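Reader: I would like to learn how to read the features of a structure step by step. Could we begin with the figure itself?

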Amino acid sequence: MNSPREIETLIDMMARLPGLGPRSARRAVLHLIRKRAVLLAPLAEALRRVAETVRECPRCGNVTTADLCEICADDRRANGEICVVEDVADLWAMERGGAFKGRYHVLGGTLSALDAVGPADLRIPDLVARVRDEGISEVILALNATVDGQTTAHYIAEELTGTGVAITSLAQGVPIGGQLDYLDDGTISAALRARKGF
Ligand SMILES: [Zn+2]
């Protein structure tokens, strides 16, 4: 292109971010350059800090900059419940809801024979150990409603058999504010199967 190599490198890196293609990366970089003092320098500093300190929580797999993540470090979250999610993004989504008061276990994916992802890659043995060691009474499987997600949920449920822990999963069905007319057939039949007394 016609800009300096350093700037082209930055554009190339930005273009690898989810949701940004080459065109929007170029626009974003130009914007950063124009807002050098208020945006570019603070962003560079924030990136540097996170790059130096970010790591996986050794207990649950959440991202953290400390020894344990904030949720694992918070004794009030030790209510005997562990919510199993596929990804940190799912943990963040659950936290946005604010309804769950327990702790998490982030798998980092789903079982997949195709991609050779086995139970140990997903810290499933760690989960079984946590259930035993942390006095867990309920494991909530909040995995995605995909084939791999549900296969993984069944595998975990089987691994936890005999531990005495209650195993539940999130209800699937009509979203708040949802209109039946706009839902796909799978969602409607899942909602019908999960119906409850009115
Ligand atoms: Zn943690």
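Author: Let us start with a single residue: Cys72 has a relative accessibility of 3% and therefore counts as buried. Please keep in mind that the model is predicted.

Reader: Which relative accessibility does Cys60 have, and is Cys60 buried or exposed?

Author: The cut-off to apply is that buried means under 20% relative accessible area. Cys60 stands at 2%, so Cys60 is buried.

Reader: Which residues are the protein donors of the zinc ion?

Author: To read a metal site, one lists the donor atoms, then examines their angles and their spacing in sequence. Here the SG atoms of Cys57, Cys60, Cys69 and Cys72 serve as donors, lying 2.3 Å from the zinc ion. The angles among the four donor atoms run from 103 to 116°, and the site is tetrahedral. Along the chain, the donor residues follow the spacing C-x2-C-x8-C-x2-C. Cys60 belongs to the loop between strand S1 (55–56) and strand S2 (63–64), while Cys72 belongs to helix H4 (residues 70–73), so this pair ties together parts that are 12 residues apart in sequence.

Reader: How should I read a helix, and how does the span of helix H2 compare with what is expected?

Author: One compares the distance between the helix ends with a rise of 1.5 Å a residue. Helix H2 (residues 22–34) has 13 residues and should span 18 Å; its end C-alpha atoms lie 18 Å apart, which agrees.

Reader: Which residues are buried in H2?

Author: In H2, the buried residues are Ala25, Val29 and Leu32. They cover an arc of only 60° around the axis, which means that they share the same side of H2. Arg23, Arg27 and Arg34, by contrast, are exposed on the other side of H2. Helix H1 (5–14) and H3 are among the elements that cover the buried residues of H2.

Reader: How many salt bridges does the structure hold?

Author: There are 10 salt bridges in the structure. One of them joins Arg132 and Asp133, whose closest N and O atoms are 3.9 Å apart. Arg132 is exposed, at 59% relative accessible area, and Asp133 is exposed as well, at 60%. Elsewhere, salt bridges that share partners link Glu45, Arg48, Arg49 and Glu52 into one network.

Reader: With which residue does Glu45 form a salt bridge at 3.0 Å, and which residue meets Glu45 at 3.1 Å?

Author: The general idea concerns the geometry of the helix. An α-helix has 3.6 residues a turn, so residues three or four places apart point the same way. In this structure, Glu45 pairs with Arg48, the closest N and O atoms being 3.0 Å apart. Glu45 and Arg48 are three residues apart in helix H3 (residues 36–53), and so are separated by about one helical turn. Glu45 also meets Arg49 in a salt bridge at 3.1 Å, N to O. Glu45 and Arg49 lie four residues apart in helix H3, about one turn.

Reader: What is the relative accessibility of Glu45, of Arg48 and of Arg49?

Author: Glu45 is partly exposed, at 29%. Arg48 is likewise partly exposed, at 40%, whereas Arg49, at 53%, counts as exposed.

Notes
Residues are numbered from 1 along each chain as its sequence is written. This is a predicted model: local features need pLDDT of at least 70, side-chain atom pairs count only at pLDDT 80 or more; totals for chains, interfaces and linings use all residues. Side-chain values use heavy atoms; hydrogens and water are left out. Donors are N, O and S atoms within 2.8 Å of the metal (3.2 Å for Na, K and Ca); water is not among the atoms, so sites may look incomplete. Four donors count as tetrahedral if all angles lie between 85 and 135 degrees; four count as square planar and six as octahedral if opposite donors are over 155 degrees apart and all others between 65 and 115; anything else is irregular. Helices (H or I, at least four residues) and strands (E, at least two) are DSSP runs, numbered from the N terminus. Buried means under 20% relative accessible area, exposed over 50%, partly exposed in between (1.4 Å probe, protein chains only). A salt bridge is a side-chain nitrogen of Lys or Arg within 4 Å of a carboxyl oxygen of Asp or Glu. The expected span of a helix is 1.5 Å times one less than its number of residues. The arc is that of the directions from the helix axis to the C-beta atoms. Contact means heavy atoms within 4.5 Å.
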